[in-house]
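Subject: Structure handover and findings

Dear colleague,

Please find below the structure I am handing over to you, together with its sequence. My findings follow directly after it.

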Amino acid sequence: SEEAISRLIHASFNEKFPNTFMIRITLVVGAGKQARQKYDANASRAVKSALLECGYQEDAGASCVSDCGGSFKSQHDTGKNLYTV
């Protein structure tokens with residue numbers, strides 16, 4: 001549920017990570033037709049909303065460089081047919 005996702009994101013990301021080196025955390029929030037039923041239809045929206053509430057910024061061009069610290073982006077991996085944040 002959206003509420004459970006929000007609680008988990010807040011518990012995991014509310015406290016900022018030290019910016020001594022970059023890390024990338026990938027959350028699978030959806031999938032294509034064959035695996036869509038495994039994911040909450042509102043998971044992507046719930047994850048993004050909770051991250052924004054925790055002080056992170058959405059950046060479509062984010063990558064694993066220090067300038068992008070504290071940001072996230074949504075992607076569709078067409079090879080695996082997964083939606084990630």
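Thr84 has a relative accessible area of 14% in this predicted model, and because that value is under the 20% limit, Thr84 counts as buried. The residue belongs to strand β5, which covers residues 82-84. Leaving out residues up to four places away in sequence, Thr84 touches Thr26, Leu27, Val28 and Val29, and also Lys73, Ser74 and Gln75.

One of these partners, Thr26, is placed in the loop between α1 and β1. With a relative accessibility of 48%, Thr26 is classed as partly exposed. When residues up to four places away in sequence are not counted, Thr26 touches Thr84 and Val85. A further distance may be of use to you: the C-alpha atoms of Thr26 and Gly79 are separated by 16 Å, with their positions 53 residues apart along the chain.

Tyr39 is located in the loop between β1 (28-31) and α2. Its relative accessible area is 28%, so Tyr39 is partly exposed. Apart from neighbours within four places in sequence, Tyr39 is in contact with Val28, Val29, Gly30, Ala31 and Leu82. For one of these residues, Val29, the C-alpha atom is separated from that of Tyr39 by 6.5 Å, and the two are 10 residues apart along the chain.

Asn81 deserves a separate entry. This residue lies in the loop between β4 (75-77) and β5. Its phi angle is near 60°, which is a positive value in a residue other than glycine. At 33% relative accessibility, Asn81 is partly exposed.

I turn next to the aromatic residues. A pair of aromatic rings is described by how far apart the centres are and by the angle of the planes. The count in this model comes to two aromatic pairs. Phe13 and Phe17 form an edge-to-face pair, at 6.1 Å centre to centre and with 65° between the planes. Phe13 and Tyr56 form an aromatic pair that is also edge-to-face, with 6.3 Å from centre to centre and 90° between the planes. This pair links distant parts of the chain, with Phe13 in helix α1 (residues 2-13) and Tyr56 in the loop between α2 (43-53) and β2 (57-58), 43 residues apart.

How do these rings stand with respect to accessibility, and which of them are buried? Phe13 and Tyr56 are both buried; for Phe13 the relative accessible area is 12%. Phe17, by contrast, is partly exposed, with a relative accessible area of 41%. Taken together, the ring pairs link Phe13, Phe17 and Tyr56 into a cluster. In addition, the charged end of Lys16 sits over the ring of Tyr56, 4.1 Å from the centre of that ring.

The last item is the empty space in the model. Rolling a probe the size of a water molecule over the atoms shows where such space is left. The largest pocket holds about 750 Å³ of space. It is lined by 27 residues, of which Ile23, Arg24, Ile25, Ser71 and Phe72 are the closest to its centre. Sorted by class, the lining of the largest pocket comprises 15 nonpolar, nine polar and three charged residues.

With kind regards

Technical notes:
Residues numbered from 1 in each chain as written. Predicted model: local features only at pLDDT ≥ 70, side-chain atom pairs only at ≥ 80, totals over all residues. Heavy atoms only, no water. Helix = DSSP H or I, 4+ residues; strand = E, 2+ residues; numbered from the N terminus. Buried < 20%, exposed > 50% of the residue type's maximum accessible area, 1.4 Å probe, protein only. Contact = heavy atoms within 4.5 Å. Phe/Tyr/Trp six-rings, centres within 6.5 Å; stacked < 30°, edge-to-face > 60°. Lys NZ or Arg CZ within 6 Å of the ring centre and 35° of its normal. 1 Å grid on protein atoms, 1.4 Å probe; cavity = no way out; pocket = protein on both sides within 12 Å on 5 of 7 lines; lining within 4 Å. Points joined across faces, edges and corners; volume = space filled by probe spheres on them. Nonpolar A, V, L, I, M, F, W, Y, C, P; charged D, E, K, R; others polar.
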